[in-house]
Amino acid sequence: IYSFCTLLQGAVLIKQHTHNSRMNRFVLGAVLLLGSVGSASGYNYITGIALKSYEVGEEVGPIRVNSLFSHEDLVSLDFYSLRFCSPNKQDIIEKSKDEKLGEVIWGDRIAPSLYQAEMMKDVKCRVVPCSRDTKVTESDLQKFERRINSGYRGTFVLDNLPVISNATWVYDARCPSGKQIYDTHTRGWALGVPKSCLETETHINNHLALHIHANEQPNGKYVIVGFYVIPYSIDHPASACGEDFRLQDNHRPVTTNPHQTTEITWTYSVQWHKSDIEWGNRWDAYLNLAFSNRNARVHWLGIVNSSLIILCLATIVAMIIIRALRMDIIKYEEEFEQQEIIDEVGWKLVHGDVFRAPAFPRMFSIFLGTGLQLLGMSALVFVFALLGFLSPANRGGLLTAAILLFVLMSLVNGYSCALCLKMFGIEEWKTIFGAALFFPGIMFTMWVFTEILIISTRPSYNSTPVIVSSLYMFALWLGVSMPLVVLGASFGRKGPVPAPPVKVNVVTRPVPPQRWYLDTWFLLLVPGLVPFGAAFIELRFILSSMWQGMVYYVFGFLTLTAITVLVVSVEVTVVVVYFLLVFEDHRWWWKAFIIPGGMGIHFFLYSLYYAQTQLRIQNPLSYFLFAEIMLIFSSAIYIAIGTIGMLSGYVFVRIIYGSIKIE
């Protein structure tokens with residue numbers, strides 16, 4: 001009910017504030033495919049919150065802090081795990097934002113801060129009013145040094161906009177050590193300059209120059225349309241911070257040397273800029289940070305590449321189907337040489353075994369139900385994303401929607417699993433419960449194990465939201481998902497099962513020795529390269545969005561890519577299943593599943609290569625966390641794409657064997 005109301009609220013916001021989303025909704029309402037193409041070339045989104053305007057001099061915000069994050073150490077930490085100026089504990093508890101399930105899983109922890117800004121009032125330098133002593137111990141400085149050298153960044157949130165670095169280059173991108181570093185248009189700000197850059201001591205950024213962009217409204221009020229920050233390391237007392245303060249002066253930095261630094265004065269400045277950017281377009285600056293969002297030519301290159309693959313495979317499939325049907329007509333209406341008939345009708349010799357139940361039919365039914373559940377969830381996520389409901393401003397909304405839709409699609413899981421079992425002549429409830437426990441159980445167990453590992457190895461990790469979210473997830477699983485699986489299974493057990501077009505023989509026909517390229521290991525590894533190649537470019541952008549802080553919002557291109565992957569998977573499966581049957585191998589059920597499902601294996605292997613070449617992960621825990629998350633994603637891809645292969649193989653087999661008459 002809450003999700004439905006959120007969607008209705010989003011529809012109202014679309015109508016009130018964004019003309020781009022209105023056009024996108026109109027196009028999608030006319031033709032969904034055309035709408036996806038239209039969305040591919042732009043970013044239409046709802047803004048997530050209602051417009052809020054301020055009078056000159058009015059306090060804006062409040063300015064909040066989010067978790068400390070790093071692209072080198074993948075464990076996000078509570079902002080106040082370091083000795084920053086913080087409100088008292090009671091204020092932190094009372095004023096902290098209630099995160100959605102997706103925010104907690106993704107690591108967002110939004111809390112109040114002591115930073116303030118007044119609309120259109122510049123501040124040269126202001127001391128953060130600490131509620132505790134600003135003196136630091138050697139242990140505090142060591143924590144700062146570890147976090148800075150691990151690449152951790154701080155994050156502010158103002159008017160639902162995350163702060164981004166304002167195109168500043170640290171040491172002109174050249175460190176004294178010779179290392180090149182940069183900090184340009186990246187979410188958050190660097191906590192300091194690492195020792196690897198300076199070769200001496202680590203610097204702590206204790207002064208933040210906030211640059212806020214505002215758009216003037218017809219009523220004379222202003223709305224915030226941009227939030228940027230430039231961090232500085234300035235060792236100065238509180239008395240030196242005032243209207244006479246100059247950032248351009250040569251300031252001594254704050255270091256992590258305990259003999260030099262015994263107290264840190266946290267300060268900030270505020271500079272306002274008038275902007276022509278409209279409030280409804282203020283997220284464009286954040287979306288343009290990602291190469292995937294601002295360069296449509298690369299996406300179209302991927303789409304054209306996938307289209308060529310589809311065209312080639314479609315030609316092969318058409319030739320196979322036409323050839324099979326033509327030779328079937330020849331067999332029954334004309335007389336050809338015996339050798340020709342033997343060569344062409346090998347697939348007809350196994351007609352009495354092609355609809356025989358596969359090995360491990362119960363597990364096969366579980367995989368089928370889980371795959372359809374994942375496909376249904378993905379389809380609905382694409383629809384909501386194209387309609388603009390999953391805005392990047394709605395922090396954690398995409399992940400929350402995916403979880404809730406996955407739970408709701410449990411109904412499909414139970415129905416398809418029970419129907420598949422009935423088709424194989426099996427009627428039992430334990431397999432239905434296995435379908436309810438299989439994939440969600442694996443994901444939940446891995447997640448809980450990882451959180452326990454992080455809590456035990458990172459004392460500064462805030463575990464309270466995770467424990468609460470774990471209880472929510474467990475309640476969703478056992479209280480909603482499992483009953484829906486059972487409900488769907490009760491309908492599936494009563495559903496009609498299509499009769500096979502040919503009878504199944506009592507005695508199983510022996511399978512002759514097969515070609516090496518039809519062995520299971522080959523089918524698991526090689527055919528999956530084709531759908532993986534069709535989706536490679538978009539998968540690369542998705543990885544950048546997940547692990548490098550980029551905002552991915554070209555769901556139109558992603559939808560087109562998903563459609564091409566679906567078509568390619570169907571075509572590859574049909575081609576390979578045909579050759580299996582030609583060479584008298586009737587064990588096509590599982591092989592139809594693994595033929596396109598191998599795409600998940602290649603995605604996992606590529607993600608490991610991506611981690612080695614694009615990320616700078618520094619510790620084993622982060623490597624484990626990366627590998628675990630990518631293993632879950634790859635397994636979901638394997639099961640979902642494999643289900644497409646199984647269904648397409650089943651339809652193909654029914655068509656070709658339904659076209660012949662067996663006496």
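Okay, one term before we start: a residue is called buried when its relative accessible area is under 20%. With that in hand, here's the protein chain, and keep in mind that this is a predicted model. Of its 663 residues, 52% count as buried. The whole chain exposes about 30500 Å², and carbon and sulfur atoms supply 62% of that.

As for secondary structure, we've got 21 helices and 14 strands. And how do the contacts spread along the sequence? If you take contacts between residues at least 6 apart, 80% of them join residues at least 24 apart.

Let's zoom in on one strand, β11, which covers residues 207–216. Is it enclosed or open? Well, eight of its 10 residues are buried, so the rest of the structure largely encloses it.

β11 has strand partners, so to speak. One is β12, residues 222–232: the two run antiparallel, with 10 bridges joining them. If you want a pair to click on, histidine 207 has tyrosine 232 in β12 as its bridge partner. Together β11 and β12 make a hairpin, with five residues between them. Look in that turn for glycine 220, because it has a positive phi of about 90°.

Another partner is β14, residues 267–274, and here the strands run parallel, joined by eight bridges. The pair to find there is leucine 210 with valine 270 in β14.

Now stay on β12 for a second, since I'd like to show you glycine 226, which sits in that strand. Its relative accessibility is 1%, and the cut-off for buried is under 20%, so glycine 226 counts as buried. What does glycine 226 touch, leaving out residues up to four places away in sequence? That would be Leu161, His211, Ile212 and His213. Also, glycine 226 and aspartate 284 are 58 residues apart along the chain, yet their C-alpha atoms are separated by 9.9 Å.

Last stop, a helix: α19, residues 555–582. How does its length check out? There are 28 residues, and at 1.5 Å a residue they should span 40 Å; the end C-alpha atoms are 40 Å apart, so the two agree. This helix is mostly covered too, with 22 of the 28 residues buried. Once you're past the end of α19, look for glutamate 584, where phi is positive, near 65°.

So, if you're opening this for the first time, try β11 with its antiparallel neighbor β12 and its parallel neighbor β14, then head over to α19.

Definitions and conventions: Residues are numbered from 1 along each chain as its sequence is written. This is a predicted model: local features need pLDDT of at least 70, side-chain atom pairs count only at pLDDT 80 or more; totals for chains, interfaces and linings use all residues. Side-chain values use heavy atoms; hydrogens and water are left out. Helices (H or I, at least four residues) and strands (E, at least two) are DSSP runs, numbered from the N terminus. Buried means under 20% relative accessible area, exposed over 50%, partly exposed in between (1.4 Å probe, protein chains only). Contact means heavy atoms within 4.5 Å. Accessible areas come from the Shrake-Rupley method with a 1.4 Å probe; for residues, only the protein chains shown count as cover. Two strands pair if DSSP finds at least two bridges between them. The expected span of a helix is 1.5 Å times one less than its number of residues.
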